[in-house]
Amino acid sequence: MPQSEADVSAALRKVFGFREFRPNQEQIVRAILEKRDVFAVMPTGGGKSLCYQLPAVLMAGTCMVISPLISLMKDQVDGARANGIRAAFLNSSLLPDERDRVTQELLANSLDLIYVAPERFVLDHFRQMLGRVKISMAVIDEAHCISEWGHDFRPDYLSLSDLVTLFPDLPVAAFTATATHLVQQDILDKLALRTPLVVRASFDRPNLFYDVRFKEHADIQLVSLIKKNAGKAGIIYRTSRKSVDETAAMLKARGFRALPYHAGLSDDDRQRHQEAFIRDEVEVIVATIAFGMGIDKSNVRFVIHADLPKSIENYYQETGRAGRDGETAQCTLLFAQGDISKLRFFIDGMTDDTERKRAFAALSKVISFASTSVCRRRSLLDYFGEHYPLENCSSCDICLGTREAVDCTRDAQMLLSAIVRTEERFGAMHIVDIVLGSRNRKIRDFGHDRLKTYGVGKGRSKQYWRQLVDELLAQKAIAKSEGLYPTLFLLPKGVQILKQEESIAMVRVADHIEDHIVDKRREKESYGRAEAPAEGCDQQLFELLRILRKQIAQEQGIPPYVVFSDRSLHDMASIVPRSAETMLSVSGVGETKLERYGRRFLRLIDRYCSDHPERAA
Ligand code: ADP
Ligand code: ZN
């Protein structure tokens, strides 16, 4: 039975407590309700779960979700249950009698949602049982795992190709947060989706603030950043286990609640540290990149990269773990030239030729991201082939102008001129060698020591010229040809710079550490706008609400953000609801949460208002 528009938005409010859909959610929900297949690439925090949980509530039968991350299933189920959705999971972590109970519920058709691991889906007895259950739809989470082209291929996922034959009349919806066009096509082919709705959401995360600082005294900088985010949850990424341990110990010694996380710890310790972080018992996790895959924590407020990430892809994924709830979060990269040579040395040691080349290429993109003065958001989106339409994102260090840019038009002209005079047939190294006046063989062989631009840039370091080439590439004044030996050529902007019709600026290399406004939200009409939070949040009330949230979470053995998101608490601390009805207008408060937790929060707010009559407007 098709659902009316009113039913859908009523369920959005009643079940989830949300007034509006996030971009693409409504379209996806509608398609599923019309029994159409769906394939959607949406960034972390984009709100993928709601896209199938909402139809799961509205459709008759059980929605089966196949997900590879066992550690996430419990979280997803806790989250769904907190909203009154009848959800359960089946995986190897369950005890036999728990498994029997879930199977009974499934057979009795009393579940809206069942999460299963792909290993289970291939089992004959599981499939036989499925034949006796009324299934409403099938969902594949982390769908990129089905593609061998992706970075996270899981052979068990190949069995999912039978889904459409197994459920010829039901919609199949596949979701992922990462898929290049190549991977996307591969997923569509492998799953054989039937004229699916294909959605590629913007990768922009409007609530994330990006900044890059020159790493001078990492420890001091880290301490200062954590102090600015006092009491908030954050992740610090470091490259080596040793530096993770040292940083965690340094923070502990200074009285911060911080724990390390890396592959050298025992499974038990890792599990314990992760739990403590999820449950808001420690604020800071210092981790190697191994951390974060299996967590859904929505209230991570800052992510600091204390070392250079290996690729933009990694950087995007790791920073993406901040601010899933849509509230502002800060992503800071500490960047030192010295880190580059360390990484280069490490990559040099790689034995596989292709791997080494790939690693170098990935690193050079990271360096360019960190060292140029192009809007960080624009650079990141550019990497994913997405054009960012705004001139100023007002949510990165570059756009806020906290870094000092110096005009370098004259130097840029030297490089551009060298490129033109050598007929756009050479790569960056050679062009820099010309400007520097190097005496190497290649220069002499081509007679480039007779060029007018030969040696005009002697006064500056090689590093400076390399940075300027990166800058010209990033600002799209020049581009690189494809192929093994890429050559540089001018784009229209480069021609204009050469003709003095355009100028170009670059940030100074030695930056001063300065702090700036993080909580700057964008205009409503801006691209991929952040959801506007309620105005005038009462910080003291917010802190009390947070304590209550943690207490309830502890009592019920669930993570605090499952009780209420940071967004919900902010709303409460701004709206200051005094009745159940007003409480329902808080984002994330649906009927079930109102019933379960509403009264305790209302009581706390009442008490607060009588203690602070001046604030209870
Ligand atoms: P993803 O799986 O895409 O990373 P989630 O499904 O975990 O994202 O959602 C991220 C957060 O956004 C959750 O806290 C969720 O409650 C919230 N959310 C989802 N949809 C909406 C919406 N329409 N309005 C407000 N918050 C939403
Ligand atoms: Zn910007």
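**Exercise 1. Find the protein donors of the zinc ion (ligand 2) and describe the geometry of the site.**

*Solution.* Start with the atoms around the metal: in this predicted model, the zinc ion (ligand 2) has four protein donors, the SG atoms of Cys375, Cys393, Cys396 and Cys399, at 2.3 to 2.4 Å.

Next, turn to the angles. The 4 donor atoms make angles of 103 to 116°. Four donors count as tetrahedral if all angles lie between 85 and 135 degrees, so the site of the zinc ion (ligand 2) is tetrahedral. For comparison, the ideal angle for four tetrahedral donors is 109.5 degrees.

**Exercise 2. Work out how the donors of the zinc ion (ligand 2) are spaced along the chain, and decide whether Cys375 and Cys393 are buried or exposed.**

*Solution.* Read along the chain first: the donors follow the pattern C-x17-C-x2-C-x2-C. Cys375 and Cys393 are 18 residues apart and link distant parts of the chain. Cys375 sits in the loop between α15 (353–371) and α16 (376–383), while Cys393 belongs to the loop between α16 and β14 (405–407).

Now check accessibility, where buried means under 20%. Cys375 has a relative accessibility of 5%, so Cys375 counts as buried. Cys393 has 0%, so Cys393 is buried too.

**Exercise 3. Explain why helix α18 (residues 428–436) can be called largely enclosed, and name its packing partners.**

*Solution.* Count the buried residues: they make up 8 of the 9 in α18, which is why the helix is largely enclosed by the rest of the structure. Going through them in order, you meet Ala428, His430, Ile431, Val432, Asp433, Ile434, Val435 and Leu436.

Then look at what they touch. The buried residues of α18 pack against three helices, α17 (409–421), α19 (441–445) and α20 (462–474), and against the strand β16 (488–490). Finally, step just past the end of α18, where Gly437 has a positive phi of about 75°.

**Exercise 4. Describe the surroundings of ligand 1 and find how much of its area the protein buries.**

*Solution.* Begin with the shell: 15 residues surround ligand 1, and the closest are Glu20, Arg22, Gly45, Ser49 and Arg324. Helix α3 (residues 48–58) supplies the largest share of this shell, 3 residues.

Move on to the oxygen atoms of ligand 1. One lies 2.8 Å from a side-chain N or O atom of Lys48, and the side chain of Arg324 likewise places an N or O atom 2.8 Å from a ligand oxygen. Gly46 contributes through its backbone, with an N or O atom 3.4 Å from an oxygen atom of ligand 1.

Last comes the area: ligand 1 taken alone exposes 570 Å², and the protein buries 83% of that.

Technical notes: Residues are numbered from 1 along each chain as its sequence is written. Chains are lettered from A and ligands numbered from 1 in the order in which they are written. This is a predicted model: local features need pLDDT of at least 70, side-chain atom pairs count only at pLDDT 80 or more; totals for chains, interfaces and linings use all residues. Side-chain values use heavy atoms; hydrogens and water are left out. Donors are N, O and S atoms within 2.8 Å of the metal (3.2 Å for Na, K and Ca); water is not among the atoms, so sites may look incomplete. Four donors count as tetrahedral if all angles lie between 85 and 135 degrees; four count as square planar and six as octahedral if opposite donors are over 155 degrees apart and all others between 65 and 115; anything else is irregular. Helices (H or I, at least four residues) and strands (E, at least two) are DSSP runs, numbered from the N terminus. Buried means under 20% relative accessible area, exposed over 50%, partly exposed in between (1.4 Å probe, protein chains only). Contact means heavy atoms within 4.5 Å. A residue is near a molecule or strand if one of its heavy atoms lies within 4 Å of it. A polar contact is a pair of N or O atoms within 3.5 Å; within protein, one must be able to donate a hydrogen and the other to accept it, and residues adjacent in sequence count only if both atoms are side-chain atoms. Accessible areas come from the Shrake-Rupley method with a 1.4 Å probe; for residues, only the protein chains shown count as cover.
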